[in-house]
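Morning, everyone. I'll talk about how helices pack. Please look at the screen.

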Amino acid sequence: MSLKWTDVLDIGIELAEKFPETDPVHINFVDLRDKVMNLDDFDDDPKRCGEKILEAIQAAWIEEQD
């Protein structure tokens, strides 16, 4: 399975599983972007990422941890 920026729910799940010690509420977007791009299944152009996508990913990650 290959993850794209638009797969925000799946990315949120992957981040919660891979980084359980990280608090997604307090992560900055630069670190969030780096973590997403380093996921094993992630395969998308870094230039396609924007603030709205990162906000959606962060919200999905927060929801997954609750």
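This is a predicted model. Let's start with a pair of helices. α1 and α3 pack with their axes 8 Å apart, at an angle of about 55°. Angles between 35 and 65 degrees count as oblique, so α1 and α3 are oblique to each other. The crossing of α1 past α3 is right-handed.

Who makes that contact? From α1 come Val8, Leu9, Ile11, Gly12, Ile13, Leu15 and Ala16. From α3 come Ile53, Ala56, Ile57, Ala60, Trp61, Glu64 and Gln65. Sort them by class: 11 are nonpolar, two are polar and one is charged.

Now look at α1 alone, residues 8–18. Which of its residues are buried? Val8, Ile11, Gly12, Leu15 and Ala16. Why do they line one face of the helix? Viewed down the axis of α1, the buried residues fall within an arc of 135°, so one face holds them. Here is the general rule. An α-helix has 3.6 residues a turn, so residues three or four places apart point the same way.

Turn to the other side of α1. Leu9 and Glu17 are exposed there. And what covers the buried residues of α1? The cover includes α2, residues 29–37, and α3, residues 51–65.

Last pair: α2 and α3. Their axes come within 10 Å and cross at roughly 75°. That angle makes α2 roughly perpendicular to α3. α2 brings Phe29, Leu32, Arg33, Lys35 and Val36 to the contact. α3 brings Glu51, Leu54, Glu55, Ile57, Gln58 and Trp61. By class, this contact of α2 with α3 has six nonpolar, one polar and four charged residues.

Thanks. Over to you.

Methods:
Residues numbered from 1 in each chain as written. Predicted model: local features only at pLDDT ≥ 70, side-chain atom pairs only at ≥ 80, totals over all residues. Heavy atoms only, no water. Buried < 20%, exposed > 50% of the residue type's maximum accessible area, 1.4 Å probe, protein only. Helix = DSSP H or I, 4+ residues; strand = E, 2+ residues; numbered from the N terminus. Arc of directions from axis to C-beta. Contact = heavy atoms within 4.5 Å. Axes fitted to C-alpha atoms, helices over the stretch in contact; angles between N-to-C directions. Parallel < 35°, antiparallel > 145°, perpendicular 65-115°, else oblique. Left-handed = near helix turned anticlockwise from the far one by under 90°. Nonpolar A, V, L, I, M, F, W, Y, C, P; charged D, E, K, R; others polar.
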